[in-house]
Amino acid sequence: MAIIDGKSIAQNIRDKVKQEISAFKSNHPRFSPCLTVIQVGNRDDSSIYVGMKQKAATAAGIDFVYKKLPEEITQSQLLKQVQALNEDDRVHGILVQMPLPAHLNESAILEAIDPQKDVDGFHAVNIGNMSKKDGSPLFLPCTPKGIIHLLKSTGTIIAGKRAVVLGRSDIVGSPIATLLTAEDATVTLCHSKTENVKIYVKEADIVVVAIGKPEFVKGEWIKPGAVVIDVGTNYVEDASKKSGYRCVGDVEYAEASQVASAITPVPGGVGPMTVAILIENTFLSAKRLFEASSKRSVSPLPLELKTPVPSDIEIAMAQTPKPITELSQEIGLTASELEPYGHTKAKISLDVLNRLSHRKDGHYVVVAGITPTPLGEGKSTTTIGLVQALGAHLNKMAFACVRQPSQGPTFGIKGGAAGGGYSQVIPMDEFNLHLTGDIHAVTAANNLLAAAIDARIFHENTQTDKALFNRLCPAKKGVRQFAPVMLKRLAKLGIDKTEPESLTAEEVSRFVRLDIDPDTITWQRVMDTNDRFLRKITIGQNPTEKGMTRPAGFDIAVASEVMAVLALATDLKDMRHRLGQMVVASSKAGEPVTADDLGIGGALTVLMKDAIKPTLMQTLEGTPVLVHAGPFANIAHGNSSILADKIALKLAGSEDHLEPGYVVTEAGFGADIGMEKFFDIKCRVSGLVPDAVVLVATVRALKMHGGGPEVVAGKPLSDVYTEENLAILQKGCENLIKHIQNAKKFGVAVVVAINRFTTDTDAEMNLVRELALKAGADDAVACDHWARGGAGAIELGQAVIRTCERSTKDFKFLYDLSLPIDQKIETICRELYGADGVEYSDLAREKIETYTRQGFSQLPICMAKTQYSFSHDPQLKGAPTGFVIPIRDIRASVGAGFLYPLVGSMQTLPGLPTRPCFFDVDLSEDGQVVGLF
């Protein structure tokens with residue numbers, strides 16, 4: 001007879017797991033398996049069992065988290081604890097120690113555990129799959145799995161044997177019967193209602209007893225040579241023992257051991273195996289989840305191409321998007337990093353940046369364009385078409401990072417910004433309208449600050465210092481306290497005090513009076529609608545404002561500094577700092593007044609706390625798109641957010657066996673505007689360096705620059721644009737050449753994407769390609785992704801891959817920040833625009849002096865100028881020379897981190913045209929959006 005030494009076998013398993021964890025960690029230093037055990041109440045036996053698990057886990061190199069919860073915890077509270085662990089990607093195994101107090105539903109709690117973390121193996125998904133013939137459970141229950149291991153350790157061949165299981169509990173009896181059946185044994189399951197149990201036992205080659213009755217099975221019942229597994233643990237009185245008790249199993253060990261060929265002792269048999277298998281399961285879970293987190297595989301959505309190409313909204317509505325949860329899993333996001341907004345879009349938690357901080361960034365590509373016509377040249381369409389080609393056709397992990405469209409152009413002259421044709425973001429109606437409410441949050445934050453400015457002026461003009469102080473620092477139960485934001489103002493004033501009562505009268509006056517000079521207020525109210533009649537207004541006309549009127553105005557929301565802060569923030573803390581640093585005016589003494597001086601920086605951050613998270617959507621072909629921020633490029637810095645780019649670069653990043661993917665981000669309008677700001681503003685803040693510029697050109701726009709008739713939205717195109725004309729096209733390529741040369745000044749490779757229209761000829765394509773390569777482009781490719789989706793941009797994708805792989809990243813900025821304000825402006829105007837010089841209005845010169853005195857001269861420059869020409873005059877096409885750039889005003893976006901000169905008559909709130917796009921927008925009878933394009 002052999003004693004099955006469960007203690008020794010269990011130790012071997014634990015040692016093996018420890019070695020495997022160590023080996024896996026040596027190849028993957030971030031690997032850190034974690035087991036969390038929840039114990040409810042203070043049962044001594046439960047505490048002992050948890051302690052055993054903790055000791056074993058720690059010895060194996062597994063992090064152990066012990067959550068001891070009060071016995072009176074409610075079912076709902078416990079379920080929330082379990083759900084939090086489910087969503088915590090640092091936790092790989094969850095175990096709820098049984099038994100639970102009577103008021104808790106054990107089954108409901110066990111079913112709440114994520115099956116992927118159910119290391120005890122009791123979830124219905126795992127039990128169900130274990131019971132199916134072809135099922136694949138993620139985990140087997142610990143004790144039954146351990147029993148199979150013990151049987152095999154004796155050399156017993158289970159297949160064909162007769163096995164009897166006594167006891168049908170969910171923990172041992174039923175699952176071990178299932179596992180024995182799976183090992184091809186013939187199994188009889190006996191229980192409390194089974195008659196003549198010993199008859200079945202006498203015929204068994206394998207006996208497993210788990211009924212909790214001391215020494216129930218007698219030795220005489222055992223078939224000679226049978227293998228006996230005794231799961232029972234029972235305490236019987238024994239005066240010879242110091243404790244007065246001894247531990248026995250469910251089998252009469254002394255007699256059974258004389259008959260059986262092998263038997264487990266109690267203790268030291270099955271018990272140690274349960275803990276060992278728990279440790280093994282935890283390692284398997286951690287390894288599985290770790291490997292899954294490193295896998296990326298996006299399944300493309302098929303496109304049904306039609307000729308002629310239907311409208312954008314018809315194409316978008318015809319495609320069924322993937323559930324956003326499915327896409328998130330494909331790109332490697334965890335459940336805790338996703339906040340769904342319906343079925344087709346979701347916010348992404350910034351926590352993903354910490355989890356993937358070890359990854360090297362993917363390839364970084366910025367899409368810019370030549371100087372456009374009012375119809376646009378398909379920059380967004382090319383961005384989407386390129387990522388569809390990379391992701392759906394070239395088997396690369398590829399992300400598009402685009403801005404959220406403004407409602408202004410959506411209902412104005414330009415229409416939506418989801419791309420077009422068979423290269424779109426979907427659902428395009430949701431993308432072009434409210435999305436996840438970020439622009440609304442920007443509008444709310446901006447206008448709260450605007451209200452605070454005028455309210456503060458009003459209250460300072462109508463109250464004494466004492467009254468102001470009493471209201472700003474009211475006594476609560478006889479005690480005054482400064483709000484935390486007020487301490488910043490005190491520090492700025494050089495007042496090193498934290499108790500309101502300690503301020504002198506002079507300090508109180510300095511503290512409560514911002515003394516804003518109304519003539520210096522630069523902060524406008526905003527709205528996300530093109531409304532020309534709000535460009536200049538008078539506020540304060542109601543009698544309640546006591547005659548405190550002043551001229552004011554509105555900007556479009558996407559030109560707000562709050563939007564720029566959102567786009568340039570690197571984390572929540574940075575956004576809070578930037579919002580607080582926004583300068584809204586000067587005091588009458590000439591000192592800058594900030595949002596934090598007004599005490600509103602924290603409130604603005606609260607309004608923006610969800611907006612800081614990028615939104616995940618998808619293309620028509622099911623590849624991922626990150627939508628975030630929406631600053632205009634002509635009157636703001638015109639790029640999607642740094643955070644969206646950084647998240648995408650990590651999700652597309654490389655590690656171990658993962659090759660780098662591609663992040664394609666878009667810079668607004670022409671490259672002289674959006675690309676320059678991408679390099680000189682966005683890249684300065686982010687520290688990111690692009691591998692390549694994709695410069696989008698169209699024959700239509702190049703012909704316009706070559707002298708073609710004016711292109712006007714809503715009017716038919718001249719035949720010049722639909723018929724071959726190489727002479728006009730060649731002359732117009734001066735514009736493309738200038739943009740290529742500009743990009744090269746930043747030391748970045750350039751791929752020209754010729755967005756081909758149906759009327760363009762091969763000769764025109766060849767001419768543009770030839771001139772682009774002569775001008776220094778690294779490649780030039782014609783593409784028709786509008787008509788064919790990603791398939792139409794495969795050559796472009798291949799060109800981008802080649803260019804990125806040989807990129808040397810010899811990147812440089814156009815100007816040094818230490819230069820005076822006027823020299824930085826002139827560098828941009830001369831080097832990029834081709835101007836002969838710059839002319840400043842008196843107001844602009846005054847602003848330069850003010851901002852220099854206030855310490856803002858080190859900020860980069862964000863030119864606000866027309867997108868329709870290199871110059872200030874939209875009528876100057878091609879690559880004009882001999883012009884002077886007029887600067888009529890300069891404003892400071894100190895929180896965002898730039899100064900923006902206003903060039904010529906540039907407006908910061910667009911107006912509606914004679915026939916706005918909204919004429920075509922409506923709902924169909926079945927509630928579908930129609931008319932968006």
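## A walk through the chain

Of the 933 residues in this protein chain, 56% count as buried. Keep in mind as you explore that this is a predicted model.

**Start with the whole chain.** Zoom out until everything fits in view: the C-alpha atoms fill a box of roughly 110 × 80 × 55 Å along the principal axes. Colour by secondary structure and you will have 32 helices and 34 strands to explore. Now show the surface, where the chain exposes about 38500 Å², with carbon and sulfur atoms supplying 51% of that area.

**Next, select residues 6-27 and 142-153.** These are helix 1 and helix 6, which pack at an angle of about 110° with their axes 11 Å apart. Angles of 65 to 115 degrees count as roughly perpendicular, so helix 1 is roughly perpendicular to helix 6. Which residues in helix 1 meet helix 6? Show side chains for Gly6, Ile9 and Ile13, and you will find them meeting His149, Leu150 and Ser153 of helix 6. By class, this contact has three nonpolar, three polar and no charged residues.

**Now travel to an open sheet.** Its three strands run in the order 30-31-32, with mixed pairing. Select 837-840 for strand 30 and 898-903 for strand 32, the edge strands, each pairing on one side only. From one strand to the next, the twist averages 50°. Add residues 884-893, strand 31, which pairs with strand 30 in the parallel sense over four bridges. Look for Gly837, standing opposite Val884 in strand 31.

**Last stop: residues 821-833.** This is helix 31, packed on the sheet and touching strand 30, strand 31 and strand 32. Its direction makes about 135° with that of strand 30.

How values were computed:
Residues are numbered from 1 along each chain as its sequence is written. This is a predicted model: local features need pLDDT of at least 70, side-chain atom pairs count only at pLDDT 80 or more; totals for chains, interfaces and linings use all residues. Side-chain values use heavy atoms; hydrogens and water are left out. Axes are lines fitted to C-alpha atoms, for helices over the stretch in contact, and angles run from 0 to 180 degrees between N-to-C directions. Helices (H or I, at least four residues) and strands (E, at least two) are DSSP runs, numbered from the N terminus. Angles under 35 degrees count as roughly parallel, over 145 as roughly antiparallel, 65 to 115 as roughly perpendicular and the rest as oblique. Contact means heavy atoms within 4.5 Å. Ala, Val, Leu, Ile, Met, Phe, Trp, Tyr, Cys and Pro count as nonpolar, Asp, Glu, Lys and Arg as charged, and the others, Gly among them, as polar. Buried means under 20% relative accessible area, exposed over 50%, partly exposed in between (1.4 Å probe, protein chains only). Accessible areas come from the Shrake-Rupley method with a 1.4 Å probe; for residues, only the protein chains shown count as cover. Two strands pair if DSSP finds at least two bridges between them.
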